[in-house]
Amino acid sequence: MIPVSVLNLVPIREGQNRAQAIESMIELAQETERIGYTRYWIAEHHNMPSLVSSATQVLIGHTLAHTNKIRVGSGGVMLPNHSPLLVAEQYGTLATIYPDRVDLGIGRAPGTDRPTATALRRNERNLSLNYPNDVQMLQRYFRSSDEQGYVRAFPGVGLNVPIYMLGSSTESAHLAAELGLPFAFAAHFAPRLMDAALEIYRREFKPSDVLEKPYVIVCLNVIAADTDEEARFLAGSQQQFIANIIKNTRQPLQPPVTETHIQWGSEQEQAAVNEMLACSLIGSKASVAAQFEALQIRLRADEIMVVSYIYYQQKQYHSYRLFHEIASSYQPSSL
């Protein structure tokens, strides 16, 4: 079967406090581990009151402590916000406590707005310009002792924590290919450049000491239910959530409403939401399976990572179960 994994932004649901949102994060990790998902990644965001994922490495450690075998990691660390040395020390520590269970996904974006990025980085310099060098420095900190300089990451040296390059455009595709790293594309909110990015990554890929051939993870929105009608209704929470991001209203994840009852600010706002959610698989098990097959023929992804903005937790678990069943029975004969 094609491996399937989970991305969680740790949203606060309407009626929850922050501690309850973190507890929901743990419960989802435990449930998806039982179902058989491969990895569970937590995203880094800052100054967003509807999300609780700012201290990502703390949440990763908390999740590792409450699960047994699922891989847990960052989706991702926004590297310009951090010192590569500090990241290596943090994830080296996690990998020391939980061997062979820690992933390190890294990205170039700030995961927030410009004023907050300035507060995080404490200067006006565009640190994303240093990104390629920072990635290579981070790689070095995890390599063997004879590849180190004077400054070393303890723990970190020799652990070879797996690094995944994240991207929502074509920029990171070039770098992932150059460094021979696996590439995870954020189609769950930025699908427009997905095909171009994957084509660049596969065409330019150079084998490395960690990867012989390209490895593509595509992150998708999936809302599966017993019927098409129920799935479309549950998707109302996802539409409202993305609309809140666009409008900067910062509301928690809302209970679903039918699309006709969503209060769109304008046609342009609705169009922007639809564009961001264009890579969404929504429907019954049969409908989602057909949508997935059509998309996978086009993408040829090596792994699918699932985001599911569903307000009701039991419905969310059911959606993940249905999609795992779809992936388990998928036969890529037409690829």
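Student: Which elements each supply at least two residues of the lining of the largest cavity?

Tutor: In this predicted model, they are β1 (4-8), α1 (18-35) and α11 (313-329). The largest share, four residues, comes from α1.

Student: Why is this space called a cavity?

Tutor: A cavity is a set of points where a 1.4 Å probe fits but cannot get out. The search of the whole structure finds two cavities of 30 Å³ or more. The largest has a volume of about 150 Å³. Of the 17 residues lining the largest cavity, the closest to its centre are Asn8, Pro11, Leu28, Ser308 and Gln316.

Student: What makes Pro11 and Leu28 count as nonpolar, and Asn8 as polar?

Tutor: Pro and Leu are on the nonpolar list, so Pro11 and Leu28 belong there. Asn is on neither the nonpolar nor the charged list, so Asn8 is polar. The whole lining of the largest cavity divides into twelve nonpolar, four polar and one charged.

Student: What is the volume of the second largest cavity?

Tutor: About 50 Å³. The search takes cavities of 30 Å³ or more.

Student: Which residues line the second largest cavity?

Tutor: Glu44, Ser54, Thr56, Gln57, Val77, His82, Val87, Gln90 and Tyr91. Two or more of the lining residues come from each of α2 (56-65) and α3 (84-97). The most, three residues, come from α3.

Student: How do you know which residue in that lining is charged?

Tutor: By class, the lining has three nonpolar, five polar and one charged residues. Glu counts as charged, so the charged one is Glu44.

Conventions. Residues are numbered from 1 along each chain as its sequence is written. This is a predicted model: local features need pLDDT of at least 70, side-chain atom pairs count only at pLDDT 80 or more; totals for chains, interfaces and linings use all residues. Side-chain values use heavy atoms; hydrogens and water are left out. On a 1 Å grid over the protein atoms alone, a cavity is a set of points where a 1.4 Å probe fits but cannot get out, and a pocket is an open set with protein on both sides within 12 Å along at least five of seven lines; lining residues have an atom within 4 Å of a point. Grid points are joined across faces, edges and corners, and a volume is the space filled by probe spheres set on the points.
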